[in-house]
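Please walk me through this structure, element by element. Start with the sheet, then move to the helix packed on it, and finish with the aromatic pairs.

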Amino acid sequence: MKNRLTEELLSYKVLSGTPGLSVLTDEPMSNHSTFRIGGPADYFITPRSEEDLLFVLSKLKEFGERTLIIGKGSNVLFADEGYRGAVVCTSSLDRVIVNGSVITAECGASLTSVARQAARHSLSGLEFAFGIPGSVGGAVFMNAGAYGGEISSVTVKTKTIDPETFEIRIYEREEHEFGYRESVFRRTGDIILSTELCLTPGDAGEINGKMTDFLERRQQKQPLEFPSAGSVFKRCAGRFTGQMIEESGLKGLTVGGAQVSEKHAGFIINVGDATARDVLELIDIIKETVKTRFGCSLECELIYVS
Ligand SMILES: Cc1cc2nc3c(=O)[nH]c(=O)nc-3n(C[C@H](O)[C@H](O)[C@H](O)COP(=O)(O)OP(=O)(O)OC[C@H]3O[C@@H](n4cnc5c(N)ncnc54)[C@H](O)[C@@H]3O)c2cc1C
């Protein structure tokens, strides 16, 4: 079965002349997550165009394979056992078109590079996103935000595909149901194909200045020298989670290869061969300790995939 599906996908690649469509089998997800953790996925597929993606989705449905879409893998923790099914990565769907103050970005475009393009066109509104290591699709899915900005404040339209019916749909601004690290797509399971972002004309110097400032703050405060998935938890009752974890005396706590960062207690870092099990155990300890000390039930921002 694995061979037949792979053959069909690869023959499409030859017939359609799309050299970018890549199909790997038994691919370690540690190679595709910023945490550098995760066992093998049965298939790891990287389509190069919307047409490729549609074909891939229809084949996966025909073969009854479970399917997971990822962008840059910067907000996921893959299980040590890996993923039974196909992980479809959007990283090659990365076209970006700037038209006046509207940027249309395909789902796999890097947030940082879109922010850079906005700055090049003297467009303000995406400065906050500079340095977030995710894709536009991943950012819209979870309403990524930083330094007072959120992707929701500039998103006007999103084009999606339903992975079951393959119906293409356009979500208008109010239909995104954005909330804190929330969007309608968490509920519907629709795959984000592209998003229109409406920005504001501004001063290139000021925009670049803000982006540099945000990046420097990240470099100063975040343990970027270690693999991680960013902040593990959401804010709890408006409080800074990192501060509560620090005040609970958990900085530096280590389970296996996973450690509560000394630099930023909201981050769990992979200090060497961490397993997903190490991270999950550490998460449980943090949750329990913070609950006892502050009465806050921490909720994960990080998405566990098994
Ligand atoms: C060092 C570091 C710093 C970070 N800083 C921030 C920060 O300041 N603010 C912040 O909000 N986040 C931050 N993050 C987390 C992460 O970068 C963001 O959440 C980012 O938006 C995730 O994008 P991604 O492409 O990596 O998503 P992935 O991790 O690939 O996927 C995350 C989820 O989105 C879904 N998804 C991805 N693409 C699509 C699509 N096209 N259609 C439908 N669903 C999709 C996936 O199925 C998965 O459920 C940080 C992470 C790291 C490692």
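In this predicted model, five strands make an open sheet. Their order is β6-β7-β13-β11-β12, and they pair in the antiparallel sense. The edges are β6, residues 96-99, and β12, residues 168-172. Each of these edge strands has a pairing partner on one side only. From one strand to the next, the twist averages 15°.

Look at the β12 end of the sheet. Here β12 pairs with β11, which covers residues 155-161. The two strands are antiparallel and share five bridges. Within this pairing, Lys-157 stands opposite Glu-172 of β12.

A helix packs on this sheet: α2, residues 50-62. The strands that α2 touches are β7 (102-106), β11 and β13 (191-198). The directions of α2 and β13 make an angle of about 150°.

Now take α2 by itself. The helix has 13 residues, which at 1.5 Å a residue should span 18 Å. The C-alpha atoms at its ends are 18 Å apart, so expectation and model agree. Its buried residues are Asp-52, Leu-53, Val-56, Leu-57, Lys-59 and Leu-60. Viewed down the axis of α2, these buried residues fall within an arc of 165°, so they line one face of the helix. The face turned away from that buried side carries Glu-51 and Glu-62, both exposed. Just after α2 comes Gly-64, with a positive phi of about 65°.

Next, a loop residue. Ile-132 sits between β8 (123-124) and α4 (136-142). Is Ile-132 buried or exposed? Its relative accessibility is 13%, so Ile-132 counts as buried; the cut-off for buried is under 20%. Which residues does Ile-132 touch, leaving aside those up to four places away in sequence? The contacts are Leu-111, Thr-112, Gly-145, Ala-146 and Arg-218. Thr-155 lies 23 residues from Ile-132 in sequence, and their C-alpha atoms are 17 Å apart in space.

Turn last to the aromatic rings. How many aromatic pairs does a search of the whole structure find? The search finds two.

One pair joins Tyr-147 and Phe-214. Their ring centres are 4.6 Å apart and their planes meet at 10°, so this pair is stacked; planes under 30 degrees apart count as such. Tyr-147 belongs to the loop between β9 (145-146) and β10 (149-150), while Phe-214 belongs to helix α6, residues 204-221. The pair therefore ties together parts that are 67 residues apart in sequence. With 32% relative accessibility, Tyr-147 counts as partly exposed. Phe-214, at 8%, counts as buried.

Tyr-171 and Phe-185 also form a pair, with an edge-to-face arrangement. The centres are 4.8 Å apart and the planes make 75°. Tyr-171 is in strand β12, and Phe-185 is in helix α5, residues 185-188. The two residues are 14 apart, and their pair links distant parts of the chain. Where do these two rings stand on burial? Tyr-171 has a relative accessible area of 2%, so it is buried. Phe-185 counts as buried because its relative accessibility is 0%. This pair leads back to the sheet, since β12 is one of its edge strands.

Key
Residues numbered from 1 in each chain as written. Predicted model: local features only at pLDDT ≥ 70, side-chain atom pairs only at ≥ 80, totals over all residues. Heavy atoms only, no water. Pairing = 2+ DSSP bridges. Helix = DSSP H or I, 4+ residues; strand = E, 2+ residues; numbered from the N terminus. Axes fitted to C-alpha atoms, helices over the stretch in contact; angles between N-to-C directions. Contact = heavy atoms within 4.5 Å. Buried < 20%, exposed > 50% of the residue type's maximum accessible area, 1.4 Å probe, protein only. Expected span 1.5 Å × (residues − 1). Arc of directions from axis to C-beta. Phe/Tyr/Trp six-rings, centres within 6.5 Å; stacked < 30°, edge-to-face > 60°.
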